[in-house]
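This report describes the chain shown below, beginning with its nonpolar cores and then turning to its cysteines and overall make-up.

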Amino acid sequence: MVSSRRVALIGVTVLVMVAAVLAGCGGPGGTPPKYGAQWDGKSDAAGVLNYAEGLGIDPQGKLLVADTWNDRIVRYDADGKFVGALGTHGQKDGELECPRAVTTDAQGNIYVADCWNHRIVKLSPQGKFLLAFGKKGAPVGYDEADGQFLYPSGVAVDSKGNIYVSDLNNNRLQKFDAKGKFILKWGVEGRQDGQFSKPGALVMDKQDRLWVADVGNDRIQRFTFDGEGKPAFDGQWGKEGYEPGEFDRPYGLTVDKDGNFYVADFGNHRIQKFDTKGRLQYVYDKPGSGDGEVDSPIALAVDDGGALYVSDWGNNRIQKLLPVS
């Protein structure tokens with residue numbers, strides 16, 4: 001459904017287009033992608049997707065989907081063919097409750113932000129349960145102990161196997177070793193550098209820089225790590241708004257092999273791409289329910305060929321957008 005805010009933007013369409021061109025949309029890297037395919041599980045062995053959120057791509061190029069309200073991870077090939085599903089509803093090993101994010105390491109192990117179980121689950125590439133860590137603290141609030149979570153909503157893994165978690169309702173990030181042992185935490189609720197408001201998606205790029213969708217602050221933050229593995233603020237992009245380069249609840253985030261980053265601008269029903277220096281490349285602004293149109297995009301993933309996968313949450317489907325050469 002097109003929101004009233006979206007209707008309000010119709011009158012400034014020309015302004016948006018001009019701003020996008022000025023931001024570099026005329027070049028090959030700035031050309032918005034084209035529609036490739038879409039699937040929702042209704043016509044194949046996967047079963048119907050149920051408001052899927054997180055997306056990830058494994059080392060073999062398979063797409064992993066956190067099928068949130070079905071309490072499972074679904075795997076597809078690059079053409080949207082169902083490959084398999086992992087997990088069932090529950091709190092035991094290998095079970096999930098409202099998984100919100102999924103990623104893999106270089107070996108293909110799968111990491112899931114098992115949101116309503118307040119933990120991170122690690123599975124083998126074949127889906128065998130390997131590890132779970134974290135729990136809900138008591139009393140419930142914003143003072144959880146180290147290694148405890150209150151609705152974890154993002155997970156990322158660096159080249160050394162360290163695991164990073166966005167601890168949504170505690171407004172902080174936590175870092176763990178490969179065995180789930182707590183290492184450190186950072187962040188408090190706020191708007192300053194290194195502070196957060198409902199941190200969501202996490203992405204680790206090829207330089208081991210951590211990107212954070214700071215949802216409540218309508219911005220993206222990035223962190224580097226020193227020789228001892230301690231985080232350092234490394235920049236931010238965006239602010240609340242509806243013009244190009246601004247965001248309204250940027251839930252989804254991904255980074256391609258060249259360091260360009262893409263933001264699922266949920267409340268503005270659009271996707272924005274930025275180059276490695278944070279300069280706007282394009283605004284994919286097609287709200288709706290038709291092929292290639294999006295309604296409340298909530299998660300993104302990009303493969304090595306530049307294909308962009310979108311969890312089109314408002315339309316309860318996954319879409320694949322292809323780069324224009």
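## Nonpolar cores

In this predicted model, the largest nonpolar core consists of 16 residues, and those with the most contacts inside it are Trp39, Leu55, Leu63, Val65, Tyr76, Tyr309 and Ile318. At least two residues of this core come from each of strand S3 (63-67), strand S4 (72-76) and strand S22 (297-302). The most is given by S22, with three residues.

Leu63 has contacts beyond its neighbours within four places in sequence. These partners are Trp39, Leu55, Gly56, Ile57, Val74, Arg75, Tyr76, Ala301, Tyr309 and Ile318. A second core, separate from the one above, has 15 residues, including Trp211, Ala213, Val263 and Phe274.

## Cysteines

The structure has zero disulfides. For Cys98, the closest cysteine sulfur is that of Cys115, and no bond is counted because the 7.0 Å between them is too far; the cut-off for a disulfide is 2.5 Å. Cys115 is likewise in no disulfide, its nearest cysteine sulfur being that of Cys98.

Both residues lie on the buried side of the 20% limit: Cys98 counts as buried because its relative accessibility is 4%, and Cys115 counts as buried because its value is 1%.

## Overall make-up

The chain has two helices and 24 strands. It contains 325 residues, of which 55% count as buried. Among contacts with a separation of 6 or more, 45% join residues 24 or more positions apart.

The exposed area of the chain is about 13,800 Å², and 51% of this area is supplied by carbon and sulfur atoms.

Methods:
Residues are numbered from 1 along each chain as its sequence is written. This is a predicted model: local features need pLDDT of at least 70, side-chain atom pairs count only at pLDDT 80 or more; totals for chains, interfaces and linings use all residues. Side-chain values use heavy atoms; hydrogens and water are left out. Helices (H or I, at least four residues) and strands (E, at least two) are DSSP runs, numbered from the N terminus. Buried means under 20% relative accessible area, exposed over 50%, partly exposed in between (1.4 Å probe, protein chains only). Contact means heavy atoms within 4.5 Å. Accessible areas come from the Shrake-Rupley method with a 1.4 Å probe; for residues, only the protein chains shown count as cover. A nonpolar core is a set of buried Ala, Val, Leu, Ile, Met, Phe, Trp, Tyr and Cys residues joined through side-chain atoms within 4.5 Å.
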